[in-house]
Amino acid sequence: MQSLKEKVVIITGASEGIGAHLAAALRGRGAKLALNARNAEKLAAAAAASDILIPGDITRHEVQSALIEKTAAQWGRIDVLINNAGRGSYYNSSTTRLDEARAVFELNFFTPLALAQAAGPYLRETRGTLVNVSSIAGLISLPWLPVYSASKFALTAITSAQRAELRGDGVHVMGVFPGYVDTDFQRNAAGSPPQRIPGGKTVSITATQCAEAIVRGIERRRNAVVTPRAGWLLILANRLFPGLVEARLGM
Ligand SMILES: NC(=O)c1ccc[n+]([C@@H]2O[C@H](COP(=O)([O-])OP(=O)(O)OC[C@H]3O[C@@H](n4cnc5c(N)ncnc54)[C@H](OP(=O)(O)O)[C@@H]3O)[C@@H](O)[C@H]2O)c1
């Protein structure tokens, strides 16, 4: 198990939710943090004095460059990049605006890809870790989150490719597949969730539990973290009986 003490970790989307709890959990392990989110006040509230803060819209190229380059300049290395920032979109696929669909992909897919490219040389040097926070929706298409699911499927696919590409350089690549996590994700998403979501919040976990599962995954250099673990049952059911799962999830 690798220690995270003194490791330099970048977290996007760290002003609230899973990202803010990741920051707290990693700080507790002695990591040095570089944090990003758009809301500078909330980001500062979630940070400690020793953290580097690079506020701004992470889909913007200059914010991506500042996050990577300022972190490397301050501490001379990058050990872990956690691509966590993301958002939902509850519009259905027949009527969702294409500019909205593109914006979801920009944040949930192209930004993690761009940051991984920018951080790549540093992660190769440290034989570090790349974490992409996908979703159970990146393995099973959720009909109430169609474009979001598509963006997370794309992120899941590129995560596997990155693992294959970077393995030879000793870089650990981990996909994270949370189910329901009790954050403001639904409130921060575009559109409105349906009244009833199959499975609903009965199987939700806290952001603290989710963050702890991710940190343990980094320490153990896992390929994938599914949290809560019951999510594996749904993934298995979907592999074996895709038609049945699709019918059950139908709205
Ligand atoms: N909650 C769930 O049930 C769940 C389940 C599966 C996967 N996930 C994934 O887990 C990740 C975190 O979700 P969460 O539940 O913690 O959501 P959240 O509570 O809505 O937090 C999202 C974070 O991303 C930041 N963010 C959003 N747009 C950004 C942008 N353009 N630039 C920089 N930062 C941005 C937000 O900060 P600002 O608003 O300050 O920018 C916030 O810190 C996401 O990738 C999400 O898809 C969540």
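Q: Which helices of this predicted model each supply at least two residues of the shell around the ligand?
A: Helix H1 (17-28) and helix H6 (185-188) each do so. H1 gives the most, with three residues.

Q: Which residues come nearest to the ligand, and how do the residues of the shell divide by character?
A: Of the 30 residues around the ligand, the nearest are Gly-13, Gly-17, Arg-38, Asn-39 and Gly-86. The shell divides into 11 nonpolar, 13 polar and six charged residues. Glycine counts as polar in this division.

Q: What makes E3 and E9 the edge strands of the sheet?
A: The open sheet has seven strands in the order E3-E2-E1-E4-E5-E6-E9, with parallel pairing. Strand E3 (52-53) and strand E9 (224-227) each have a single partner strand, so one side of each is left without a neighbour in the sheet.

Q: How do you know that E1 and E2 are paired?
A: Two strands pair if there are at least two bridges between them. Strand E1 (residues 8-12) and strand E2 (residues 32-36) have five bridges, in the parallel sense. In one of these positions, Val-9 has Leu-33 of E2 as its bridge partner.

Q: Which strands does H1 touch, and what angle does its direction make with that of E1?
A: H1 packs on the sheet and touches E1, E2, strand E4 (80-83) and strand E5 (129-133). Its direction makes about 165 degrees with that of E1. Angles over 145 degrees count as roughly antiparallel, and the value of about 165 degrees therefore places H1 and E1 in that class.

Q: Why are H3 and H4 called roughly parallel?
A: Helix H3 (residues 61-75) and helix H4 (residues 98-126) pack at an angle of about 25 degrees, with their axes 10 Å apart. Angles under 35 degrees count as roughly parallel, and H3 and H4 are therefore described in that way. The crossing of H3 with H4 is right-handed. Gln-64, Ser-65, Ile-68 and Ala-72 of H3 make the contact with Thr-111, Ala-114, Leu-115, Ala-118, Ala-119 and Tyr-122 of H4. These residues comprise seven nonpolar, three polar and no charged.

Q: What makes H4 and H5 roughly parallel to each other?
A: H4 and helix H5 (residues 146-166) pack at about 15 degrees, and their axes are 8 Å apart. The cut-off for roughly parallel is under 35 degrees, and H4 and H5 therefore meet it. Their crossing is right-handed. Among the residues that meet are Val-104, Phe-105 and Phe-109 in H4 and Tyr-148, Leu-155 and Ile-158 in H5. The contact of H4 with H5 divides into 12 nonpolar, three polar and one charged.

Q: Why are H1 and H7 called oblique?
A: The axes of H1 and helix H7 (residues 207-219) come within 8 Å and cross at roughly 55 degrees. Roughly parallel requires an angle under 35 degrees and roughly perpendicular one of 65 to 115 degrees; H1 and H7 are therefore oblique to each other. H1 passes H7 in a right-handed crossing. The contact includes Gly-17, Ile-18 and His-21 in H1, and Cys-210, Glu-212 and Val-215 in H7. Its residues divide into nine nonpolar, three polar and one charged.

Q: How do you know that the peptide bond from Thr-227 to Pro-228 is cis?
A: The omega of this bond is near 0 degrees. Pro-228 is placed in the loop between E9 and helix H8 (231-240).

Q: What is the phi of Arg-127, and where is this residue found?
A: The phi of Arg-127 is near 50 degrees, a positive value in a residue other than glycine. Arg-127 is located in the loop between H4 and E5.

Terms used:
Residues numbered from 1 in each chain as written. Predicted model: local features only at pLDDT ≥ 70, side-chain atom pairs only at ≥ 80, totals over all residues. Near = placed C-beta within 6 Å. Helix = DSSP H or I, 4+ residues; strand = E, 2+ residues; numbered from the N terminus. Contact = placed C-beta atoms within 7 Å. Axes fitted to C-alpha atoms, helices over the stretch in contact; angles between N-to-C directions. Left-handed = near helix turned anticlockwise from the far one by under 90°.
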